[in-house]
Amino acid sequence: MTNAYLLCRIADTVEDEHALSLAQKQAFLERFVRVVAGHEDATSFSRDLGSLLSSSTARHERDLVANCRRVIGITARLGPGQRGAIVRCLRIMSGGMLEFQQNRNPAGLKDCSCLDRYCYYVAGVVGEMLTELFCDYSTEVNKQRKDLLALSVSYAQGLQVTNILKDVWDDRRRGVCWLPRDVFTESGFELDRLSPGEVDPGFLKGLFELVAIARGQLWEGLQYVLLIPVHETGLRRYLLWSLGLSVLMLRSLYRTPSFWKGRNIRLSRLSVAVLVVLTSILARSNSALKLLFKSATRGLPGAAHP
């Protein structure tokens, strides 16, 4: 799983590099998929990409690209099922990244279906990949493979929608917006006039509708976690921590909708510590986890039982 995340981070680095043209991004992403599949040399890929990264690229991302060969060396030692899941994820993710790079619009995405497709490319497909890795690891988990795959996209997309809402102002400063225009147009607000700290009633109505959507996706994400056998507490805790952090972030967003920077709604260390302790203690109890979710999301927009 760590190896898979590092590979996804390299793909993200290509997507985020403003010094690369769209054609260059396409060429590097296609090369990268071939590298991961074992059909192209990692060293030359690393050298060629590293030489074009700008000073705005974070140091740890430059370091990751420089060490691409080491990461690929680990990938090459994975089993065929594990490697196949990772290659599939990166191929779909890379194609989706290019599609949305071509259609970037500072005034947002066209509608909710576009948001859904974007979230699938950058997160949902990762949920599917993780499920395949879980199933490869455990024959007992594999018995639930069909149901897990059906819910894995919601789990990952709930996390992604929450991140989009958290980063809305930071993205706006970069000339990017991943909010769906139709949701805000219906509430009487046009995203092309969005400004930091916006408190327009129409904007808040649209924002809270997306909070409700994320809440519903996270509820389905909890059902995904509950399908993991109770004795697999490590997998459960890993999934619950990400899910819980998103729930806490949604609560913070809802209570402070006029925030203007993502860091203005950062979670306190205490709230994160309480989350880790509670989910670790309750990881084996499905009923307790459901009650905890309902308690944590009480007051948020959306159905109490999505």
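This report walks through a predicted model, covering one helix pair, the salt bridges, a surface patch and a few distances.

## Helices H6 and H7

Let's start with packing. Two packed helices are described by the angle between their axes and the distance between the axes. Here the pair is H6, covering residues 80-102, and H7, covering residues 112-137. Their axes come within 9 Å and cross at roughly 175°. That crossing angle makes H6 roughly antiparallel to H7, because anything over 145 degrees counts that way.

What sort of residues make up the contact of H6 with H7? They split into 15 nonpolar, six charged and three polar.

## Salt bridges

Side chains of opposite charge can pair when their charged atoms come close. How many salt bridges does the structure hold? The total is 14, and a handful of them are worth a look.

Take helix H1, residues 2-16, where Arg9 and Asp12 both sit. They are three residues apart, or about one turn of the helix, and their side chains meet in a salt bridge with an N to O distance of 3.8 Å. Neither partner is hidden away: Arg9 has 28% relative accessibility and counts as partly exposed, and Asp12 is partly exposed too, at 22%.

Arg47 and Asp48 form another bridge, at 3.7 Å from N to O. Are these two buried or exposed? Arg47 is exposed, with a relative accessible area of 52%, since the cut-off for exposed is over 50%. Asp48 is partly exposed at 27%. This pair also belongs to a network of salt bridges that links Arg31, Arg34, Glu40, Arg47 and Asp48.

Then there is Asp200, whose side chain meets that of Arg193 in a salt bridge, 3.8 Å from N to O. Arg193 is partly exposed, at 45% relative accessibility.

## Helix H14 and a nonpolar patch

Now for the surface. Which residues make the nonpolar surface patch of about 270 Å²? The patch is made by Leu270, Val274 and Leu278. Leu278 is found in helix H14, which covers residues 269-282. With a relative accessible area of 35%, Leu278 is partly exposed.

Arg269 has its place in helix H14 as well. Arg269 is exposed, with a relative accessible area of 81%. Pick Val230 as a reference point, 39 residues from Arg269 along the chain, and the two C-alpha atoms turn out to be separated by 28 Å.

## Tyr5 and its distances

Back in helix H1 we find Tyr5. Its relative accessible area is 38%, so Tyr5 is partly exposed. How far apart are the C-alpha atoms of Tyr5 and Gln157? They are separated by 16 Å, with the two residues 152 apart along the chain.

Arg174 gives a second distance from Tyr5: their C-alpha atoms are separated by 24 Å, and the residues are 169 apart along the chain. Arg174 itself is found in the loop between helix H10 (168-173) and helix H11 (181-186). At 52% relative accessibility, Arg174 counts as exposed.

## A buried valine in H2

Last stop: Val33, whose place is in helix H2, residues 22-36. Is Val33 buried or exposed? Val33 is buried, with a relative accessible area of 9%, because buried means under 20%.

The C-alpha atoms of Val33 and Ser94 are separated by 8.1 Å, and the two residues are 61 apart along the chain.

How values were computed: Residues numbered from 1 in each chain as written. Predicted model: local features only at pLDDT ≥ 70, side-chain atom pairs only at ≥ 80, totals over all residues. Heavy atoms only, no water. Axes fitted to C-alpha atoms, helices over the stretch in contact; angles between N-to-C directions. Helix = DSSP H or I, 4+ residues; strand = E, 2+ residues; numbered from the N terminus. Parallel < 35°, antiparallel > 145°, perpendicular 65-115°, else oblique. Nonpolar A, V, L, I, M, F, W, Y, C, P; charged D, E, K, R; others polar. Patch = residues over 30% accessible without salt bridge, like charges linked within 9 Å, V, L, I, M, F, W, Y side chains within 5 Å. Areas by Shrake-Rupley, 256 points an atom, 1.4 Å probe, with all protein chains shown as cover. Salt bridge = Lys/Arg side-chain N within 4 Å of Asp/Glu carboxyl O. Buried < 20%, exposed > 50% of the residue type's maximum accessible area, 1.4 Å probe, protein only.
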